[in-house]
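Trainee: Could you walk me through this structure? I'd like to ask questions as we go.

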Amino acid sequence: MMNGISSEAFVLGCSAIGAGIAMIAGVGPGIGQGIAAGHGAAAVGRNPGAKGNIMSTMLLGQAVAETTGLYGFAVAIILLFANPLLGKL
Amino acid sequence: MGTGMLSQRVFLAQEVDIGITGYFHFEVGGQTLWITTTHVSLLLVMIALTVFALFANRAIKKANPEDVPGPFLNVIELLVELIDGLTKSNMGKRGARFSNYIGTLFAVILVCNISGLFGLRPPTADYGVTLPLALITFVLIHYNGFKYEKAGHVTKLFQPVLLTPINIIGEVATPLSMSLRLFGNILSGTVMMGLLYGLIPKLIQAFLWPVFGVLHVYFDVFSGAIQAYVFCMLTMVFIAQNFPEDEAQG
């Protein structure tokens with residue numbers, strides 16, 4: 001490897017960078033949940049009587065929108081704590 | 001080198017403990033099985049729920065229908081009516097008999113999620129707990145699909161013939177995304193709290209108790225309650241979509 005860096009350290013460092021990059025996936029759900037919450041607030045303003053239904057629909061939609069972000073989180077966690085690349089050295 | 005060691009000592013005051021710890025292991029047929037933190041936490045959650053159920057059962061049996069119910073009985077009635085109303089509004093008349101399962105599911109997931117407050121590692125932060133829960137939902141979805149739509153449950157996969165692969169992947173992805181959602185949310189809370197506890201030295205933690213309290217309320221109680229609600233909601237919606245159209249909205 002490069003001078004002074006063992007191949008394990010190199011893989012571990014690159015995995016840490018990869019985990020950080022994988023967490024960029026958190027941007028999308030943030031925007032999506034914000035849009036859902038904004039429209040939910042607008043809907044409550046227009047029809048305050050339907051607040052319970054709007055709340056549950058909004059939470060359900062937000063939970064579904066969150067899934068892609070959690071896939072990124074799963075990749076980051078696997079890279080950090082159950083690294084599959086170290087076994088290939 | 002010196003600064004590196006110093007910063008390590010400052011910033012990693014304790015070991016970061018977010019993984020699953022195995023306590024002891026035994027072999028069954030050449031396969032090593034571990035008893036881990038997940039088993040212990042799940043057992044404690046089970047004991048807590050069983051004790052609550054026994055007390056609730058005794059309170060209900062002793063109750064006199066003509067008296068005004070006491071505070072404990074009132075809370076039990078509130079919970080049961082909440083679950084009944086939730087299932088009825090989401091699944092219609094046919095869904096009323098699912099309130100047993102939905103109530104059990106909600107209680108288990110909720111208590112599992114907030115067990116982080118009591119110093120346990122939440123059992124739902126283990127994929128081996130959330131995947132079976134999602135698979136039960138998967139079985140229920142397709143059992144009810146075959147029950148109400150008969151062979152139509154299979155043929156509707158090929159409705160637009162071109163979309164067959166997407167339909168099949170969509171069916172398989174349902175339990176996967178449900179289990180990953182619960183697992184990911186609870187694990188992210190556990191990881192954040194574990195990193196924070198590992199980052200800050202124990203002596204300073206004692207002075208920062210309001211910060212930790214607020215974070216525990218957010219990650220364990222708020223996030224956990226939302227995820228328990230969402231899991232039950234998705235279960236109800238997916239099961240109810242197989243009910244016949246005319247009677248689904250009862």
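**Two chains, step by step**

Mentor: Sure, let's start with chain A, which has 4 helices and 0 strands; helices (H or I, at least four residues) and strands (E, at least two) are DSSP runs, numbered from the N terminus. This is a predicted model, where local features need pLDDT of at least 70, side-chain atom pairs count only at pLDDT 80 or more, and totals for chains, interfaces and linings use all residues. Residues are numbered from 1 along each chain as its sequence is written, while chains are lettered from A and ligands numbered from 1 in the order in which they are written.

Trainee: What pattern does chain A follow along the sequence?

Mentor: Chain A has 4 helices and 0 strands. Reading along the sequence, you get α-α-α-α.

Trainee: What radius of gyration does chain A have, next to a compact globule of 89 residues?

Mentor: The radius is taken over C-alpha atoms, and the globule rule is 2.2 Å times the number of residues to the power 0.38. The C-alpha trace of chain A spans about 70 × 20 × 10 Å along its principal axes. A compact globule of 89 residues would come out near 12 Å, but chain A has 20 Å.

Trainee: How much of chain A counts as buried?

Mentor: Buried means 20 or more other C-beta atoms within 10 Å of a residue's own, exposed means 12 or fewer, and partly exposed is in between, with C-beta atoms placed from the backbone. Of the 89 residues of chain A, the buried share is 11%.

Trainee: Which element gives the most to the side of chain A that touches chain B?

Mentor: Two residues are in contact if their C-beta atoms, placed from the backbone, lie within 7 Å. By that rule, 11 residues of chain A are in contact with 12 residues of chain B. The elements giving two or more residues to chain A's side are α3 (51–65) and α4 (67–81) of chain A. The top contributor, with 6 residues, is α4(A).

Trainee: Which residues is Cys232(B) in contact with, leaving aside its neighbours within four places in sequence?

Mentor: Cys232(B) is one of the residues that touch the most other members of the largest nonpolar core, which has 40 residues. Such a core is a set of buried Ala, Val, Leu, Ile, Met, Phe, Trp, Tyr and Cys residues joined through C-beta atoms within 7 Å. Outside those sequence neighbours, the contacts of Cys232(B) are Ile102(B), Leu105(B) and Phe106(B).

Trainee: Is Lys150(B) buried or exposed?

Mentor: Lys150(B) sits in the loop between α5 (127–149) and α6 (152–155) of chain B. Because Lys150(B) has 10 other C-beta atoms within 10 Å, it counts as exposed.
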